[in-house]
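This report describes the fold, packing and exposed surface of one protein chain.

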Amino acid sequence: RRFFAQALEKALGRDAWLLVMDLDGFKRINDTHGHEAGDAALRAVATALRGCARDTDVVARLGGDEFAVLLPHPKQAAGEHVGARVLAEVHAIADADPRFAGMGVSLGLARLDQAHSVDEALS
(Lines give C-alpha, C1' and ligand atoms only; values in the text may rest on other atoms or scores of the structure.)
Protein backbone atom coordinates (compact mmCIF):
# COMPACT_ATOMS: atom_id res chain seq x y z
CA ARG A 1 0.00 0.00 0.00
CA ARG A 2 2.89 2.36 0.80
CA PHE A 3 4.54 1.63 -2.56
CA PHE A 4 1.22 2.28 -4.29
CA ALA A 5 0.78 5.61 -2.47
CA GLN A 6 4.30 6.64 -3.53
CA ALA A 7 3.65 5.66 -7.16
CA LEU A 8 0.31 7.48 -7.09
CA GLU A 9 1.94 10.61 -5.66
CA LYS A 10 4.48 10.59 -8.51
CA ALA A 11 1.64 10.31 -11.04
CA LEU A 12 -0.34 13.28 -9.70
CA GLY A 13 -0.70 16.06 -12.25
CA ARG A 14 0.32 13.77 -15.11
CA ASP A 15 -1.61 12.11 -17.91
CA ALA A 16 -2.37 8.98 -15.95
CA TRP A 17 -5.47 7.17 -14.72
CA LEU A 18 -6.55 5.58 -11.46
CA LEU A 19 -8.91 2.62 -11.46
CA VAL A 20 -10.46 2.02 -8.02
CA MET A 21 -12.64 -0.97 -7.26
CA ASP A 22 -14.70 -2.38 -4.43
CA LEU A 23 -15.95 -5.96 -4.29
CA ASP A 24 -19.72 -6.26 -4.08
CA GLY A 25 -21.11 -9.13 -1.99
CA PHE A 26 -17.84 -9.71 -0.15
CA LYS A 27 -19.32 -9.40 3.34
CA ARG A 28 -21.83 -12.12 2.49
CA ILE A 29 -18.96 -14.47 1.57
CA ASN A 30 -17.31 -13.90 4.96
CA ASP A 31 -20.60 -14.14 6.86
CA THR A 32 -21.83 -17.26 5.06
CA HIS A 33 -18.66 -19.23 4.38
CA GLY A 34 -16.12 -17.82 6.84
CA HIS A 35 -13.04 -15.69 6.62
CA GLU A 36 -11.01 -18.42 4.91
CA ALA A 37 -13.43 -18.22 1.97
CA GLY A 38 -13.19 -14.43 2.04
CA ASP A 39 -9.40 -14.65 1.99
CA ALA A 40 -9.59 -17.06 -0.95
CA ALA A 41 -11.82 -14.61 -2.82
CA LEU A 42 -9.37 -11.75 -2.16
CA ARG A 43 -6.45 -13.86 -3.40
CA ALA A 44 -8.35 -14.85 -6.54
CA VAL A 45 -9.26 -11.23 -7.30
CA ALA A 46 -5.68 -10.05 -6.64
CA THR A 47 -4.33 -12.68 -9.03
CA ALA A 48 -6.90 -11.68 -11.65
CA LEU A 49 -5.99 -8.00 -11.27
CA ARG A 50 -2.32 -8.73 -11.87
CA GLY A 51 -3.34 -10.66 -14.97
CA CYS A 52 -5.50 -7.78 -16.25
CA ALA A 53 -2.91 -5.08 -15.68
CA ARG A 54 -0.06 -4.25 -17.99
CA ASP A 55 3.60 -4.41 -16.94
CA THR A 56 3.65 -0.63 -16.43
CA ASP A 57 0.57 -0.60 -14.18
CA VAL A 58 0.72 -0.72 -10.38
CA VAL A 59 -1.83 -2.96 -8.65
CA ALA A 60 -2.61 -2.69 -4.94
CA ARG A 61 -5.06 -3.72 -2.30
CA LEU A 62 -6.12 -0.57 -0.50
CA GLY A 63 -7.71 -2.44 2.38
CA GLY A 64 -10.67 -4.65 3.10
CA ASP A 65 -12.25 -5.46 -0.25
CA GLU A 66 -10.90 -2.39 -2.06
CA PHE A 67 -8.28 -2.53 -4.79
CA ALA A 68 -6.72 -0.01 -7.16
CA VAL A 69 -4.71 0.02 -10.36
CA LEU A 70 -2.52 2.97 -11.31
CA LEU A 71 -2.33 3.27 -15.08
CA PRO A 72 0.53 5.57 -16.09
CA HIS A 73 -0.86 5.95 -19.59
CA PRO A 74 -2.52 9.05 -21.09
CA LYS A 75 -5.35 7.27 -22.89
CA GLN A 76 -8.66 6.73 -21.15
CA ALA A 77 -9.26 3.70 -23.35
CA ALA A 78 -6.42 1.89 -21.57
CA GLY A 79 -8.17 2.33 -18.22
CA GLU A 80 -11.51 1.34 -19.68
CA HIS A 81 -9.93 -1.77 -21.22
CA VAL A 82 -8.40 -2.86 -17.91
CA GLY A 83 -11.69 -2.12 -16.14
CA ALA A 84 -13.65 -4.26 -18.60
CA ARG A 85 -11.18 -7.11 -18.14
CA VAL A 86 -11.48 -6.82 -14.35
CA LEU A 87 -15.29 -6.99 -14.56
CA ALA A 88 -15.11 -10.12 -16.70
CA GLU A 89 -12.52 -11.77 -14.44
CA VAL A 90 -14.43 -11.10 -11.22
CA HIS A 91 -17.60 -12.53 -12.77
CA ALA A 92 -15.63 -15.59 -13.89
CA ILE A 93 -14.26 -16.04 -10.34
CA ALA A 94 -17.79 -15.77 -8.92
CA ASP A 95 -19.09 -18.31 -11.44
CA ALA A 96 -16.24 -20.78 -10.81
CA ASP A 97 -16.69 -21.16 -7.04
CA PRO A 98 -20.13 -21.54 -5.45
CA ARG A 99 -18.88 -19.79 -2.28
CA PHE A 100 -18.37 -16.64 -4.37
CA ALA A 101 -21.78 -16.67 -6.08
CA GLY A 102 -23.13 -13.15 -6.43
CA MET A 103 -19.75 -11.47 -5.97
CA GLY A 104 -19.30 -8.50 -8.26
CA VAL A 105 -17.23 -5.37 -8.46
CA SER A 106 -17.92 -1.63 -8.58
CA LEU A 107 -15.36 0.37 -10.54
CA GLY A 108 -14.36 4.01 -10.77
CA LEU A 109 -11.89 5.53 -13.23
CA ALA A 110 -10.32 8.92 -12.56
CA ARG A 111 -7.84 11.16 -14.38
CA LEU A 112 -4.84 12.20 -12.35
CA ASP A 113 -3.79 15.29 -14.31
CA GLN A 114 -5.93 17.58 -12.10
CA ALA A 115 -5.38 15.77 -8.78
CA HIS A 116 -3.20 17.56 -6.23
CA SER A 117 -2.97 14.91 -3.51
CA VAL A 118 -3.25 11.16 -3.03
CA ASP A 119 -6.41 11.64 -0.95
CA GLU A 120 -7.95 13.82 -3.65
CA ALA A 121 -7.13 11.22 -6.33
CA LEU A 122 -8.64 8.40 -4.30
CA SER A 123 -11.79 10.35 -3.51
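The text below takes up confidence, then overall form, then the interior.

This is a predicted model, in which local features need pLDDT of at least 70 and side-chain atom pairs count only at pLDDT 80 or more, while totals for chains, interfaces and linings use all residues. Residues are numbered from 1 along each chain as its sequence is written, and side-chain values use heavy atoms, with hydrogens and water left out.

The pLDDT (the predictor's confidence in each residue, from 0 to 100) has a mean of 93 over the chain, and 100% of the residues reach 70 or more. Confidence is lowest in helix α5 (residues 118-122), with a mean of 89, and highest in strand β1 (residues 17-24), at 96.

Five helices and four strands make up the secondary structure. Helices (H or I, at least four residues) and strands (E, at least two) are DSSP runs, numbered from the N terminus. Their order from the N terminus is α-β-α-α-β-β-α-β-α. The radius of gyration, taken over C-alpha atoms, is close to the value from the globule rule (2.2 Å times the number of residues to the power 0.38), so the chain is as compact as a globular protein of its length.

| Property of the chain | Value |
|---|---|
| Radius of gyration | 15 Å |
| Globule rule for 123 residues | 14 Å |
| C-alpha span along the principal axes | about 45 × 25 × 20 Å |
| Exposed area (Shrake-Rupley, 1.4 Å probe) | about 6,800 Å² |

Carbon and sulfur atoms supply 50% of the exposed area. Of the 123 residues, 42% count as buried, meaning under 20% relative accessible area (1.4 Å probe, protein chains only).

Helix α3 (residues 35-52) has 18 residues and should span 26 Å at 1.5 Å a residue; its end C-alpha atoms are 25 Å apart, which agrees. The expected span is 1.5 Å times one less than the number of residues. Buried residues of α3 include Ala41, Leu42, Val45 and Leu49. The buried residues of this helix pack against β1, α2 (26-33), β2 (58-63), β3 (66-71) and α4 (76-96).

A nonpolar core is a set of buried Ala, Val, Leu, Ile, Met, Phe, Trp, Tyr and Cys residues joined through side-chain atoms within 4.5 Å. The largest has 27 residues, of which Met21, Leu23, Val45, Phe67 and Met103 touch the most other members. Two or more residues each come from β1, α2, α3, β3 and α4, and α3 gives the largest share, nine residues. Leaving aside neighbours within four places in sequence, Val45 is in contact (heavy atoms within 4.5 Å) with Leu23, Phe67, Val90, Ile93 and Met103. Another core, of 16 residues, lies apart from this one, and Ala7, Ala68, Leu70 and Ala121 are among its members.

Definitions and conventions. Buried means under 20% relative accessible area, exposed over 50%, partly exposed in between (1.4 Å probe, protein chains only).
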